[in-house]
Amino acid sequence: MTRVFISRDMASVALGADEVARAFADAGCEVVRTGSHGLFVIEPLVEVEAGDRRIAYGPVTPADVAAILDGTHPNCLGEIAALPFFARQQRFTFARCGIVDPLSLADYAAHGGWIGLDIARAAEPQAVVDAVKASGLRGRGGAGFPTGIKWQTVLDAPGATKYIVCNADEGDSGTFADRMLMEGDPFCLIEGMAIAAHAVGASHGYIYIRSEYPFAIQTMRDAIALSAGRIAPFTLEVRAGAGAYVCGEETALLDSIEGRRGQVRAKPPLPALSGLFGKPTVINNVLSLAAVPFILAEGAEAYANVGFGRSRGTMPVQLAGNVKHGGLFEVGFGITLGELVNDIGGGTASGRPVRAVQVGGPLGAYFPPSMFDLPFDYEAFTAAGGLIGHAGITVFDDSVDMAHMARFAMEFCAAESCGKCTPCRIGSTRGVEIMDRIIAGRPVPSSVRPELVEGPSFSADVERKNSPSTSSGQTGFLDQALYSRAPDRIDVSLGAQTALLRDLCDTMKYGSLCALGGFTPYPVLSALDHFPEDFGAPAPVLAAAE
Amino acid sequence: MGLDEAKRLINGWVRREGSGRDRLLPLLHMVQDEIGYIDDTLVPAIAAALNLSRADVHGVLTFYHDYRRQPAGRHIVKLCRAESCQARGGAAVEAAAAERLGVAMGETRRDGQVTLEPVYCLGLCAIGPNALINGRPVARIDSAALDRIAAEVAA
Ligand SMILES: Cc1cc2nc3c(=O)[nH]c(=O)nc-3n(C[C@H](O)[C@H](O)[C@H](O)COP(=O)(O)O)c2cc1C
Ligand code: SF4
Ligand code: FES
């Protein structure tokens, strides 16, 4: 019987992989469902086993089965690993993703699984912490804090009860690496958590997964049940989020697990000393924990040898938005933004020029192509007024209206604020109002082509109540009531409003308790600084000269 | 589901799954999965089952976007509004979806057939605009896809 491999990743399924899998099963093939290799233009993808090789075809439809099985299908890609998109990667964390059956313990063991855990358990906890320190691994959730130092704090903390918490909230737009790993290689995360548990002396762990990821929740629950014996006496459970972005912030996440509103806690105390239920707690991102089995199995050196400056090892970069070759690209730090967007990503999917990229999700800065020589490195991005965050890169073509994106950043912050501090809770709402005045007052920028952004209008039978809107018009009494000051009492000129926007961003940046309020100024101010023409100000000299 | 039946559901779940305060979110998820929404009249029963105050339960219930306090339509369309989907024409698709389905974002259509809800990223950001149609992921939404969705929610 012919064996074929087809991804069960949520993205593959969204593109029709289930129907393709059914068609192959109906044709009498043995279908193995894997994770995704991570390049979406070739999905749905099917790989046909031929001896010890797999020959890939993609994208395919259920009607293609016969042509694929007799080898005549035009979309034959050969072996996946040889495609340029994959040949250029350094897959440490995602080595198995796309290859193994995510829920097969036999596959996992056959592809190097559990070696790291066995090595760790044969060693003293301090030796494991030392290895993680030596690897140079920094938190992949956004802040880039050294993982080994965090573990050391928990190891040294007194107390018999400690917890390992995995942050799988992955709320940033443009990111999907956590989801792909959990769906494609869940045992890798479980192994990483079991190693962390041994290193700090924890006996129970939680994986907090956002509710928008139903496939990941199910796969992790199944994988935990299957591997319970292998990781005992350590135990794990999955907790589903409930649609609050701020619950990705580590202390809000802990409150959410405890059954409370997901509100940010003031630090200190550090979660490492007083975290979940007041106990010492390791809280790490999925990718931080999933990097650990490689570090233990292959040695800290092997990991640290790759990288750039103080950013060691690999980063699973996610190419998203309006990009031709979108997907997951794991590579050592140091690759430039331009290489990622143009060489790997192939530019925009629409074929129009790239105008801006947002790196690091809704709290990350927008960069113009003139900054594409920036190397992927925590320090370099900070120095450039942005952040790497969870390494999602969202590409926009020249139809983007950057004033609209700045407004969206404020609107998102207003919707997701946990409400604990004033600059974020109130400031973001005032920020939306300022952006509305700027958008209403500016001459329509030449880069903004109305037919591209406005779309079809609502028809009369649409029930339009106070709906969140992407347009910026003030309609309805509620919208107007939100405007706290009468326009005739304030200076609504573009210059005054822009100055007010900067002032507000300053207050949010320095007066907010956490990065939701504190970093929302990044997308807003980077849009204003790099694309002033969309805010009714003269274009920067550099762009004008081009 | 009547109030007594809902109370039995809640108390039965708590007997199996425990009554610690950290059970609150899983319990709210269960009630919404079983009944479709969390009616305000259930708050006292939930509070009693977990030994919490009603205000406490209300506070949690209203904090999280997922929990619904009104019944939804028979079909639920969750359309992504986040940046990567916007970069792929999401705003135009959102407006077209509202028109095609005859319901504004965030609302349930008057005939109760469909609820259109925003979602901020489904982790499918390179193949947008994306949606969850009754929990099923759909990518690259265009006008043909909207036609199929409209037909599906008419049923
Ligand atoms: C508003 C906000 C949202 C966040 N969302 C996430 C998230 O979805 N996933 C994540 O791993 N970290 C997120 N973080 C960062 C966490 O607070 C924390 O730094 C991280 O979980 C630590 O793990 P790491 O050291 O492995 O990165 C967020 C932070 C803020 C302020
Ligand atoms: S900045 Fe915003 S999200 Fe963060 S603690 Fe303050 S109110 Fe909450
Ligand atoms: S932004 Fe829409 S799926 Fe991520």
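**View 1. Helices α10 and α13 of chain A cross in this predicted model.** Let's start where two helices meet: α10 covers residues 186-200 of chain A, and α13 covers residues 286-298 of chain A. Their axes come within 7 Å and cross at roughly 80°. Angles of 65 to 115 degrees count as roughly perpendicular, so α10(A) is roughly perpendicular to α13(A). On the α10(A) side, look for C188(A), L189(A), E191(A), G192(A), M193(A), I195(A) and A196(A). The α13(A) side brings V286(A), L289(A), A290(A), V292(A), P293(A) and L296(A) to the contact. Sorted by class, the residues of this contact are eleven nonpolar, one polar and one charged.

**View 2. Ligand 2 and the residues around it.** Which residues come nearest to ligand 2? Of the 13 around the ligand, they are C418(A), K420(A), C421(A), C424(A) and C514(A). The shell as a whole has eight nonpolar residues, four polar ones and one charged one. The space that ligand 2 takes up is the largest cavity.

**View 3. Two cis peptide bonds in loops of chain A.** Most peptide bonds are trans, so cis bonds are worth a closer look. One cis bond links A232(A) to P233(A), with omega about 10°. Here P233(A) sits in the loop that runs between α11 (214-231) and β8 (235-240) of chain A. Another cis bond links K267(A) to P268(A), with omega about -5°. You will find P268(A) in the loop between α12 (250-257) and β9 (281-285) of chain A.

**View 4. A positive phi at E170(A).** Most residues other than glycine have a negative phi. At E170(A), a residue other than glycine, phi is positive, near 20°. Where along chain A should you look for E170(A)? Go to the loop between β6 (163-168) and α9 (177-184).

**View 5. The helices and strands of chain B.** Now over to chain B, which has seven helices and five strands. If you trace chain B along the sequence, the elements follow the pattern α-α-α-α-β-α-α-β-β-β-β-α. Taken along the principal axes, the C-alpha atoms of chain B fill a box of roughly 50 × 30 × 25 Å.

Note on methods:
Residues numbered from 1 in each chain as written. Chains lettered and ligands numbered in written order. Predicted model: local features only at pLDDT ≥ 70, side-chain atom pairs only at ≥ 80, totals over all residues. Heavy atoms only, no water. Axes fitted to C-alpha atoms, helices over the stretch in contact; angles between N-to-C directions. Helix = DSSP H or I, 4+ residues; strand = E, 2+ residues; numbered from the N terminus. Parallel < 35°, antiparallel > 145°, perpendicular 65-115°, else oblique. Contact = heavy atoms within 4.5 Å. Nonpolar A, V, L, I, M, F, W, Y, C, P; charged D, E, K, R; others polar. Near = heavy atom within 4 Å. 1 Å grid on protein atoms, 1.4 Å probe; cavity = no way out; pocket = protein on both sides within 12 Å on 5 of 7 lines; lining within 4 Å. Sits in = over half its atoms within 2 Å of the grid points.
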